[in-house]
Amino acid sequence: MKKSLHSYTSRERNYRKQETVKAPYSYTFHESWEEKKERAVKIVRKLMEMYPRKSMGEILQGEPYFTLIRCIISQRTKDETTDRAREVLFKHYPTMKALADASVEEIQKLLKENGVGLWKTKGRWIVEASRILLEKYGGKVPDHIDELMKLPGIGRKCANIVLAYGFGRQAIPVDTHVNRISKRLGLAPPRVAPEKVEEYLSELIPRDLWIYVNHAMVDHGKKICRPIRPKCNECPLRELCPYAKGLVTDADIKGKAQGSHS
(Lines give C-alpha, C1' and ligand atoms only; values in the text may rest on other atoms or scores of the structure.)
Protein backbone atom coordinates (compact mmCIF):
# COMPACT_ATOMS: atom_id res chain seq x y z
CA MET A 1 0.00 0.00 0.00
CA LYS A 2 1.42 3.37 -1.05
CA LYS A 3 2.03 5.87 1.73
CA SER A 4 0.22 9.19 1.56
CA LEU A 5 2.40 12.31 1.51
CA HIS A 6 1.42 13.40 5.04
CA SER A 7 2.51 10.03 6.44
CA TYR A 8 6.15 10.69 5.57
CA THR A 9 8.52 12.40 8.01
CA SER A 10 9.38 16.01 7.19
CA ARG A 11 12.90 14.90 6.24
CA GLU A 12 11.49 12.28 3.86
CA ARG A 13 9.04 14.74 2.28
CA ASN A 14 11.83 17.25 1.69
CA TYR A 15 13.98 14.49 0.26
CA ARG A 16 11.35 13.52 -2.28
CA LYS A 17 11.06 17.13 -3.39
CA GLN A 18 14.81 17.17 -4.10
CA GLU A 19 14.47 14.63 -6.87
CA THR A 20 13.92 17.56 -9.25
CA VAL A 21 16.73 19.72 -7.83
CA LYS A 22 20.12 19.86 -9.54
CA ALA A 23 23.49 19.47 -7.83
CA PRO A 24 25.04 20.73 -5.63
CA TYR A 25 21.78 21.23 -3.72
CA SER A 26 20.38 17.76 -4.37
CA TYR A 27 21.78 14.69 -2.66
CA THR A 28 19.39 12.01 -3.89
CA PHE A 29 21.90 10.37 -6.28
CA HIS A 30 19.03 8.51 -7.97
CA GLU A 31 18.21 6.48 -4.85
CA SER A 32 14.97 6.41 -2.91
CA TRP A 33 14.81 7.37 0.77
CA GLU A 34 14.48 3.68 1.63
CA GLU A 35 17.55 2.84 -0.47
CA LYS A 36 19.49 5.65 1.21
CA LYS A 37 18.56 4.22 4.63
CA GLU A 38 19.80 0.79 3.55
CA ARG A 39 23.05 2.29 2.29
CA ALA A 40 23.46 4.27 5.54
CA VAL A 41 23.21 1.08 7.61
CA LYS A 42 25.76 -0.66 5.37
CA ILE A 43 28.11 2.31 5.81
CA VAL A 44 27.82 2.35 9.60
CA ARG A 45 28.29 -1.41 9.91
CA LYS A 46 31.35 -1.28 7.66
CA LEU A 47 32.79 1.57 9.74
CA MET A 48 32.17 -0.48 12.88
CA GLU A 49 34.17 -3.33 11.33
CA MET A 50 36.97 -0.97 10.32
CA TYR A 51 37.18 0.84 13.67
CA PRO A 52 35.86 -1.61 16.27
CA ARG A 53 35.20 -0.94 19.91
CA LYS A 54 35.05 -4.25 21.75
CA SER A 55 32.95 -2.96 24.61
CA MET A 56 31.08 0.09 25.84
CA GLY A 57 34.09 0.75 28.06
CA GLU A 58 36.12 1.50 24.94
CA ILE A 59 33.49 4.02 23.79
CA LEU A 60 33.01 5.92 27.04
CA GLN A 61 35.55 8.68 27.78
CA GLY A 62 34.98 8.78 31.53
CA GLU A 63 32.52 10.24 34.02
CA PRO A 64 30.03 12.73 32.51
CA TYR A 65 31.68 15.67 34.28
CA PHE A 66 35.16 14.85 33.00
CA THR A 67 33.72 14.31 29.51
CA LEU A 68 31.99 17.70 29.70
CA ILE A 69 35.14 19.55 30.76
CA ARG A 70 37.19 17.78 28.10
CA CYS A 71 34.70 18.88 25.46
CA ILE A 72 34.96 22.51 26.55
CA ILE A 73 38.75 22.34 26.30
CA SER A 74 38.65 20.51 22.95
CA GLN A 75 36.86 23.18 20.96
CA ARG A 76 39.17 24.24 18.10
CA THR A 77 42.00 22.37 19.82
CA LYS A 78 43.93 19.27 18.77
CA ASP A 79 43.27 16.03 20.66
CA GLU A 80 46.84 15.79 21.95
CA THR A 81 46.68 19.31 23.41
CA THR A 82 43.21 18.69 24.82
CA ASP A 83 44.22 15.47 26.59
CA ARG A 84 47.40 16.98 28.01
CA ALA A 85 45.56 20.04 29.31
CA ARG A 86 42.78 17.97 30.83
CA GLU A 87 45.30 15.73 32.61
CA VAL A 88 47.11 18.71 34.10
CA LEU A 89 43.83 20.43 34.99
CA PHE A 90 42.42 17.50 36.93
CA LYS A 91 45.77 16.82 38.60
CA HIS A 92 45.57 20.26 40.20
CA TYR A 93 41.76 20.44 40.51
CA PRO A 94 40.56 16.82 40.85
CA THR A 95 36.89 17.50 41.66
CA MET A 96 33.99 19.62 40.52
CA LYS A 97 34.13 21.56 43.79
CA ALA A 98 37.84 22.25 43.37
CA LEU A 99 37.21 23.78 39.96
CA ALA A 100 34.16 25.68 41.19
CA ASP A 101 36.23 27.17 44.01
CA ALA A 102 39.13 28.08 41.73
CA SER A 103 39.54 31.58 40.36
CA VAL A 104 38.88 32.07 36.67
CA GLU A 105 42.34 33.56 36.30
CA GLU A 106 44.00 30.42 37.71
CA ILE A 107 42.25 28.18 35.20
CA GLN A 108 42.93 30.55 32.33
CA LYS A 109 46.63 30.58 33.21
CA LEU A 110 46.77 26.77 33.34
CA LEU A 111 45.06 26.42 29.94
CA LYS A 112 47.31 29.03 28.36
CA GLU A 113 50.46 27.35 29.71
CA ASN A 114 49.33 24.07 28.16
CA GLY A 115 48.74 25.47 24.69
CA VAL A 116 44.94 25.62 24.71
CA GLY A 117 43.42 28.14 22.32
CA LEU A 118 40.64 30.48 23.44
CA TRP A 119 41.98 29.96 26.98
CA LYS A 120 40.34 33.07 28.39
CA THR A 121 36.85 32.04 27.32
CA LYS A 122 37.31 28.36 28.13
CA GLY A 123 38.72 29.10 31.57
CA ARG A 124 35.64 31.18 32.39
CA TRP A 125 33.30 28.51 31.01
CA ILE A 126 34.94 25.74 33.06
CA VAL A 127 34.63 27.59 36.35
CA GLU A 128 31.12 28.90 35.66
CA ALA A 129 29.84 25.50 34.50
CA SER A 130 31.28 23.81 37.59
CA ARG A 131 29.61 26.34 39.89
CA ILE A 132 26.25 25.98 38.12
CA LEU A 133 26.42 22.19 38.32
CA LEU A 134 27.02 22.36 42.06
CA GLU A 135 24.45 25.05 42.81
CA LYS A 136 21.64 24.13 40.42
CA TYR A 137 22.09 20.42 39.77
CA GLY A 138 23.45 19.19 43.11
CA GLY A 139 26.82 18.28 41.67
CA LYS A 140 25.33 16.03 38.99
CA VAL A 141 25.68 16.53 35.25
CA PRO A 142 22.20 16.59 33.69
CA ASP A 143 21.45 13.82 31.22
CA HIS A 144 19.07 15.79 28.99
CA ILE A 145 20.32 17.70 25.96
CA ASP A 146 18.28 20.84 26.69
CA GLU A 147 19.65 21.12 30.23
CA LEU A 148 23.20 20.45 29.08
CA MET A 149 22.96 23.24 26.51
CA LYS A 150 22.13 25.73 29.27
CA LEU A 151 25.67 25.34 30.62
CA PRO A 152 28.38 27.81 29.55
CA GLY A 153 30.41 26.53 26.59
CA ILE A 154 28.09 23.63 25.83
CA GLY A 155 26.50 23.67 22.39
CA ARG A 156 24.65 20.84 20.72
CA LYS A 157 27.80 18.97 19.68
CA CYS A 158 29.27 18.98 23.20
CA ALA A 159 25.90 18.06 24.72
CA ASN A 160 25.71 15.02 22.46
CA ILE A 161 29.31 14.11 23.28
CA VAL A 162 28.45 14.13 26.99
CA LEU A 163 25.35 12.01 26.38
CA ALA A 164 27.20 9.49 24.19
CA TYR A 165 30.65 9.31 25.78
CA GLY A 166 29.77 10.27 29.35
CA PHE A 167 26.42 8.54 29.86
CA GLY A 168 26.56 5.91 27.10
CA ARG A 169 23.33 7.17 25.57
CA GLN A 170 22.41 6.89 21.91
CA ALA A 171 23.40 10.25 20.40
CA ILE A 172 25.19 11.50 17.29
CA PRO A 173 27.69 14.29 17.98
CA VAL A 174 28.42 16.11 14.70
CA ASP A 175 31.96 17.47 14.70
CA THR A 176 34.01 18.54 11.71
CA HIS A 177 34.77 14.93 10.71
CA VAL A 178 31.16 13.74 10.93
CA ASN A 179 29.95 16.82 9.07
CA ARG A 180 32.44 16.36 6.22
CA ILE A 181 32.15 12.58 5.88
CA SER A 182 28.34 12.52 6.08
CA LYS A 183 28.16 14.96 3.17
CA ARG A 184 30.79 13.13 1.13
CA LEU A 185 28.87 9.89 1.68
CA GLY A 186 25.66 11.56 0.56
CA LEU A 187 23.90 11.04 3.88
CA ALA A 188 23.16 14.76 4.22
CA PRO A 189 22.82 17.58 1.69
CA PRO A 190 26.19 19.21 0.98
CA ARG A 191 25.41 22.68 2.30
CA VAL A 192 23.33 22.13 5.42
CA ALA A 193 24.46 23.15 8.92
CA PRO A 194 25.87 20.52 11.34
CA GLU A 195 22.60 20.57 13.32
CA LYS A 196 20.76 19.49 10.16
CA VAL A 197 23.35 16.78 9.50
CA GLU A 198 22.48 15.32 12.90
CA GLU A 199 18.79 15.33 11.97
CA TYR A 200 19.40 13.49 8.69
CA LEU A 201 21.67 10.91 10.29
CA SER A 202 19.16 10.34 13.09
CA GLU A 203 16.46 9.48 10.56
CA LEU A 204 18.64 7.38 8.28
CA ILE A 205 20.47 5.33 10.92
CA PRO A 206 18.75 3.01 13.43
CA ARG A 207 18.88 4.41 16.97
CA ASP A 208 20.84 1.46 18.36
CA LEU A 209 23.75 2.38 16.07
CA TRP A 210 23.91 6.11 16.82
CA ILE A 211 26.61 5.89 19.48
CA TYR A 212 29.04 4.28 17.01
CA VAL A 213 28.73 6.95 14.33
CA ASN A 214 30.91 9.70 15.81
CA HIS A 215 33.91 7.69 16.95
CA ALA A 216 33.97 5.63 13.74
CA MET A 217 33.71 8.66 11.45
CA VAL A 218 36.32 10.53 13.48
CA ASP A 219 38.73 7.60 13.11
CA HIS A 220 37.90 7.35 9.41
CA GLY A 221 38.37 11.09 8.95
CA LYS A 222 41.83 10.96 10.47
CA LYS A 223 43.00 7.83 8.66
CA ILE A 224 41.37 7.85 5.21
CA CYS A 225 38.67 10.47 4.58
CA ARG A 226 40.94 13.38 5.40
CA PRO A 227 39.99 17.01 4.71
CA ILE A 228 42.76 17.34 2.13
CA ARG A 229 43.77 14.55 -0.26
CA PRO A 230 41.47 11.81 1.06
CA LYS A 231 42.60 8.28 0.25
CA CYS A 232 39.57 7.29 -1.81
CA ASN A 233 41.41 4.51 -3.66
CA GLU A 234 42.18 2.81 -0.34
CA CYS A 235 38.73 3.32 1.18
CA PRO A 236 36.57 0.23 1.84
CA LEU A 237 33.51 2.49 1.51
CA ARG A 238 34.27 3.68 -2.02
CA GLU A 239 31.54 1.57 -3.65
CA LEU A 240 29.01 3.15 -1.28
CA CYS A 241 30.35 6.69 -1.60
CA PRO A 242 29.09 9.39 -4.01
CA TYR A 243 32.23 11.44 -3.33
CA ALA A 244 34.50 8.60 -4.48
CA LYS A 245 32.37 8.35 -7.63
CA GLY A 246 32.65 12.07 -8.35
CA LEU A 247 28.97 12.78 -7.66
CA VAL A 248 29.70 15.30 -4.91
CA THR A 249 32.81 17.43 -4.43
CA ASP A 250 34.45 19.47 -1.70
CA ALA A 251 33.50 22.58 -3.65
CA ASP A 252 29.85 21.52 -3.36
CA ILE A 253 30.22 21.11 0.39
CA LYS A 254 32.07 24.38 0.90
CA GLY A 255 29.64 26.31 -1.26
CA LYS A 256 32.22 27.32 -3.84
CA ALA A 257 32.23 26.76 -7.60
CA GLN A 258 32.19 23.10 -8.51
CA GLY A 259 35.57 21.49 -8.95
CA SER A 260 37.16 18.08 -9.07
CA HIS A 261 38.87 16.18 -6.26
CA SER A 262 41.73 13.78 -6.46
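How many helices and how many strands does the protein chain have? In this predicted model, the chain has 13 helices and zero strands. Read along the sequence, the pattern is accordingly a run of α elements from beginning to end, α-α-α-α-α-α-α-α-α-α-α-α-α. The chain counts 262 residues, of which 48% are buried. Contacts across the sequence were also considered: among those between residues at least 6 apart, 59% join residues at least 24 apart.

A good place to begin a tour is helix H10, which spans residues 176-184. This helix is mostly covered, with eight of its nine residues buried. The buried residues are His-177, Val-178, Asn-179, Arg-180, Ile-181, Ser-182, Lys-183 and Arg-184. Their cover includes three helices that come later in the numbering, namely H11 (194-204), H12 (210-223) and H13 (250-254). The two ends of H10 each offer a detail to look for. At the start, a side-chain oxygen of Asp-175 reaches to within 3.1 Å of the backbone nitrogen of His-177. After the helix comes Gly-186, which has a positive phi, near 75 degrees.

Helix H11, one of the elements covering H10, also packs against helix H2 (residues 33-50). Two packed helices are described by the angle between their axes and the distance between the axes. For H2 and H11, the angle is about 90 degrees and the axes are 9 Å apart. The two helices are therefore roughly perpendicular to each other. On the H2 side, the residues involved are Trp-33, Lys-36, Lys-37, Ala-40 and Val-41; on the H11 side, they are Tyr-200, Glu-203 and Leu-204. Sorted by class, this contact has five nonpolar and three charged residues, and no polar ones.

The aromatic residues give another view of how the chain is held in contact with itself. The count comes to three aromatic pairs. In one pair, the ring centres of Tyr-65 and Phe-90 are 6.1 Å apart and the ring planes stand at 75 degrees, so the arrangement is edge-to-face. Tyr-65 belongs to helix H3 (residues 64-74) and Phe-90 to helix H4 (residues 79-92), so this pair ties together parts that are 25 residues apart in sequence. Are these two residues buried or exposed? Both Tyr-65 and Phe-90 are buried. Together with Phe-66, they form one aromatic cluster.

Technical notes
Residues numbered from 1 in each chain as written. Predicted model: local features only at pLDDT ≥ 70, side-chain atom pairs only at ≥ 80, totals over all residues. Heavy atoms only, no water. Buried < 20%, exposed > 50% of the residue type's maximum accessible area, 1.4 Å probe, protein only. Helix = DSSP H or I, 4+ residues; strand = E, 2+ residues; numbered from the N terminus. Contact = heavy atoms within 4.5 Å. Polar contact = N/O pair within 3.5 Å; in protein donor to acceptor, adjacent residues only side chain to side chain. Axes fitted to C-alpha atoms, helices over the stretch in contact; angles between N-to-C directions. Parallel < 35°, antiparallel > 145°, perpendicular 65-115°, else oblique. Nonpolar A, V, L, I, M, F, W, Y, C, P; charged D, E, K, R; others polar. Phe/Tyr/Trp six-rings, centres within 6.5 Å; stacked < 30°, edge-to-face > 60°.
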